[in-house]
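Dear colleague,

Please find below the structure that I am handing over to you. My notes on it follow directly after.

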Amino acid sequence: MITVAQNENNAAGVAPKAWLRRLRNNGNLLLGAAVLILFLIVMVLAHLLGAADPQAMTTSERLHPPSLQHWFGTDRLGRDIYARVAFGTSASLAVGAAAAALGCIIGTIFGLAAGYFRSIDMLIMRVMDGIMAIPGIMIAIATISVAGASITTVVLAIAVHDVPRIARLVRSSVLSMREEPYVEAAVMLGSPSWSIVLRHMLPGILASLAVLGTYVAANAMLLEATLSFLGCGLPPDIPTWGNIMADGRILFRIAPWIILFPGAVLAFAVLAINLLGDGLRDQFDPTTEKTMR
C-alpha cells in the first residue's frame, strides 16, 4: 500500500513539473504575456507615465511633430497624441476583452446545446451559418446604426460576428465527447442533461476556449479600430486607437504621426495577443513539448 501511495504521489508531481518545463520553454506565451502586462501597466498608470490630459487642447501647438515635450506629436486641435494613445489603451483593450468574453459565452451556450441536444442541432447551426455568411463589419455597422454608438453597442456588434466560430468549435468537441465512456456512464446512471453538459463536457473545452478567446479578442480590437476609423465605432469623445487614427486620416500627408503611432501600438497589441494564443495552445498540448525544446 505504501508503494501504491508513493507511485500516486510521484505521478501527481510529474504533471506540474512537465507543465512548468513547457512554460519555461514557451517563448510565445512569455513574450505575449510580458507585452500585455506592459499595456496593462500603461492603462492603469497612464497619468504617472508622462501622459497629460488627453482632451486638453492647445491651439498654439497644433500639428507639432514628435519632440521631447510631445513624444508622439500633437493633432489638429493641439491635443497630445501620446496622452491620447496611453489613455485610449483602456478603451481598446476593454472592447477587445469584453467582446471576446461575450462571444465565448454566447457561442459556448449555442455550441453545447447544438452538440448535446440533437433535436435542435440543425436549427442552431443553420442560424450560425447564416450569420457567418454576412461580413462582420456589415453586421457591426448595421447594429450600431440601429442602436447608436456606445461601448455596449460596439461590444455586442463585434461579439455577434465571432459567435458562430466559437459555437462550431464547442459543438465539434461536444459531439466527440458524447461517445466517451464517462459520458455514457453518466447517461446510464440517469444524470440530468444539464449536469452532464456542465460537469463532464464544459471543463473539457475550457482550454480550447481560452486559446480561441485570445484570437477573438485580437480580431475584436482590429474591428473596433476599423469601425472607429470609418466613423461608426465609439463616440469621438472617447480616445481609442481607432478614433485617434480617424482624426488623422485627412492630415496624413502633413502629420503622419497621428496615424503611425496609434497604428503601431495597435499592431503590437494584436501581435502580443496572437503570441499569447499560440503560447496557450502549445502549453495545453503536451505533444508540442518536443518541438519547444
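Of the 293 residues in the protein, 42% are buried. Please note that the model is a predicted one. The accessible surface of the protein amounts to about 15,400 Å², and carbon and sulfur atoms account for 69% of that surface. Along the principal axes, the C-alpha atoms fill a box of roughly 80 × 50 × 30 Å.

As to secondary structure, the protein has eleven helices and zero strands, so that the pattern read along the sequence is α-α-α-α-α-α-α-α-α-α-α. Contacts between residues at least 6 apart in sequence were also examined: 70% of them join residues at least 24 apart.

One pair of helices deserves a description of its own. Two packed helices are described by the angle between their axes and the distance between the axes. Helix α3 spans residues 81-116 and helix α9 spans residues 241-248; their axes come within 8 Å and cross at roughly 140°. Because of this crossing angle, α3 counts as oblique to α9; the roughly antiparallel class would require an angle over 145 degrees. On the α3 side, the residues that take part in the meeting are I81, R84, V85, G88, T89 and S92. On the α9 side, they are W241, I244 and D247.

Residue D247 also leads to the salt bridges, of which the structure holds eight. The side chain of D247 meets that of R79 in one of these, at 3.4 Å from N to O. This pair links distant parts of the chain, as R79 lies in the loop between α2 and α3 while D247 belongs to helix α9, 168 residues away. Is R79 buried or exposed? R79 counts as buried, because its relative accessibility is 8% and the cut-off for burial is under 20%. The two residues do not stand alone: D75, R79, R84 and D247 are linked in a network of salt bridges. R84 and D247 thus appear both in this network and among the residues where α3 meets α9.

Two further salt bridges lie within single helices. In the first, D129 pairs with R126, and the closest N and O atoms are 2.7 Å apart. Both residues belong to helix α4 (residues 121-132), where a spacing of three residues means that they are separated by about one helical turn. D129 has a relative accessibility of 25% and therefore counts as partly exposed; R126, at 44%, counts as partly exposed too.

In the second, D278 pairs with R281, with 3.8 Å between the closest N and O atoms. These residues lie in helix α10 (residues 257-284), and because they are three residues apart, about one helical turn separates them. D278 is partly exposed at 21% relative accessibility, and R281 is partly exposed at 43%.

Finally, there is a nonpolar patch on the surface, formed by I37, I41, V44, L45 and L48. Together these residues have about 450 Å² of accessible area. One of them, I37, lies in helix α2 (residues 27-44). Its relative accessibility of 47% is the reason why I37 counts as partly exposed, since the exposed class begins over 50%.

With kind regards

How values were computed
Residues numbered from 1 in each chain as written. Heavy atoms only, no water. Patch = residues over 30% accessible without salt bridge, like charges linked within 9 Å, V, L, I, M, F, W, Y side chains within 5 Å. Areas by Shrake-Rupley, 256 points an atom, 1.4 Å probe, with all protein chains shown as cover. Salt bridge = Lys/Arg side-chain N within 4 Å of Asp/Glu carboxyl O. Helix = DSSP H or I, 4+ residues; strand = E, 2+ residues; numbered from the N terminus. Buried < 20%, exposed > 50% of the residue type's maximum accessible area, 1.4 Å probe, protein only. Axes fitted to C-alpha atoms, helices over the stretch in contact; angles between N-to-C directions. Parallel < 35°, antiparallel > 145°, perpendicular 65-115°, else oblique. Contact = heavy atoms within 4.5 Å.
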